[in-house]
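The exercises below are meant to be worked through with the model open beside the text. Each one sets a task and then gives a solution in steps.

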Amino acid sequence: MGQIVSLAFRSVFPLLVLMLLGIFLRAIGMLSEPTITQLNKISAKVLIPCLLFNNVYTANLHEAFQLRLFVFGLTCTLLVAFSLYLLIPRLVQDWKTQCSYICSLYWPNCTMFGLPIMTSLCGAEGTLTGTIMIVTIAPLFSAGAAVFLEKYKNSGHLNGWHLLAHVFSNPMLWGSMLGVSCNLLNIRLPHVILSPIQSVAGIATPLALICLGGFFKWESSRHLFHPALLGCVCKLLLIPAIIALLALFCGYRGLHVLCLLIIFASPSAVSTFSVTDPAFANCDLSAMLVSLSSLLSVFTYFFWIVLFQTLAQY
């Protein structure tokens with residue numbers, strides 16, 4: 001049991017340290033809100049796409065890709081989307097609050113949180129499986145969030161062209177697909193090009209987590225703590241528990257269940273706040289959900305890892 005707790009601690013503690021560093025830098029004035037905003041844009045549009053490209057480009061896709069597993073992941077993603085679409089409007093009356101809840105509970109920050117934990121727990125195999133899974137289902141998360149945002153922005157009416165533009169303008173999608181293309185076509189990049197990409201990829205997660213810590217907003221949203229906490233319970237505990245049980249029921253075991261659990265237990269993506277607007281969403285609630293779920297995810301990840309490793313012994 002001590003080894004399991006130690007493994008879980010080593011997996012999640014570095015994430016907490018980086019977020020606390022961001023909180024500290026914001027508190028002493030070294031990170032201002034405009035700086036954090038710009039760094040988040042750089043992270044989302046340059047650093048993380050390079051990370052995904054590098055992970056996919058250097059992987060053995062023929063061995064890593066398992067069609068049945070990834071179809072199951074896509075099915076779970078759609079199941080979560082439809083469940084939220086049907087349940088949240090029946091449980092929440094306010095239109096803007098519905099938008100914030102649905103987008104925050106649906107869109108996970110699996111690249112920033114899931115990949116480091118998979119790497120720490122399972123090494124190269126975990127990184128590869130997690131990356132391929134994220135590359136497969138991340139566009140669906142982005143597209144689903146875009147559908148929800150368009151629905152609430154236009155009072156139930158959807159604009160297909162806006163949805164397509166939102167999905168295909170995502171740099172993470174292009175980074176992933178470029179990596180897949182180069183890998184499958186056996187295009188070997190020269191070292192002078194690949195080395196800078198790998199250097200950029202190496203700073204993607206640390207910088208993103210530090211910025212996330214600096215992003216935390218508590219002062220103006222304290223009155224939303226309890227609604228946000230309720231959302232975090234659903235996002236970090238209820239949804240991943242249902243997905244893990246479905247995976248076990250369908251015959252998945254070991255690394256595959258862990259990968260699904262880590263992805264769906266990820267906190268709300270920062271983009272769920274940055275793309276919302278006061279005209280159709282509760283932006284303060286969205287910000288609180290991102291901040292609180294990111295902080296609490298360190299502890300819920302610890303819980304899930306200990307539980308998973310303990311049950312795996314039997």
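Contact here means heavy atoms within 4.5 Å. The model is a predicted one, in which local features need pLDDT of at least 70 and side-chain atom pairs count only at pLDDT 80 or more, while totals for chains, interfaces and linings use all residues. Residues are numbered from 1 along each chain as its sequence is written, and side-chain values use heavy atoms, with hydrogens and water left out.

**Exercise 1. Describe the surroundings of Ser-104.**

Step 1: locate the residue, which lies in helix 5, residues 95–106; helices (H or I, at least four residues) and strands (E, at least two) are DSSP runs, numbered from the N terminus.

Step 2: judge its exposure, for which buried means under 20% relative accessible area, exposed over 50%, and partly exposed in between, with a 1.4 Å probe and protein chains only. Ser-104 has a relative accessible area of 1% and is therefore buried.

Step 3: list its partners; once neighbours within four places in sequence are set aside, Ser-104 is in contact with Lys-235, Ser-268, Thr-272, Ser-286 and Leu-289.

**Exercise 2. Characterise the fold of the protein chain as a whole.**

Step 1: count the elements, which gives 13 helices and zero strands.

Step 2: compare the radius of gyration, taken over C-alpha atoms, with the globule rule of 2.2 Å times the number of residues to the power 0.38. A compact globule of 314 residues would have a value near 20 Å, and the 19 Å of the protein chain agrees with this.

Step 3: examine the interior and the contacts, noting that 52% of the 314 residues are buried and that, among contacts between residues at least 6 apart in sequence, 85% join residues at least 24 apart.

**Exercise 3. Analyse the aromatic pairs of the structure.**

Step 1: apply the criterion that rings of Phe, Tyr and Trp (its six-membered ring) pair if their centres lie within 6.5 Å, with planes under 30 degrees apart counted as stacked, over 60 as edge-to-face and the rest as tilted. The whole structure then yields eight aromatic pairs.

Step 2: take Tyr-85 and Phe-148, which are stacked, at 6.5 Å centre to centre and 20° between the planes. Tyr-85 lies in helix 4 (residues 67–91) and Phe-148 in helix 6 (residues 110–153), so this pair ties together parts 63 residues apart in sequence. Tyr-85 is partly exposed at 36% relative accessibility, whereas Phe-148 is buried at 6%.

Step 3: turn to Phe-141 and Phe-264, whose ring centres are 6.0 Å apart with planes at 65°, so the pair is edge-to-face. Phe-141 belongs to helix 6 and Phe-264 to helix 11 (residues 255–264), 123 residues apart, and both residues are buried.

Step 4: assemble the cluster, in which ring pairs link Tyr-85, Tyr-106, Phe-141, Phe-148 and Phe-264.
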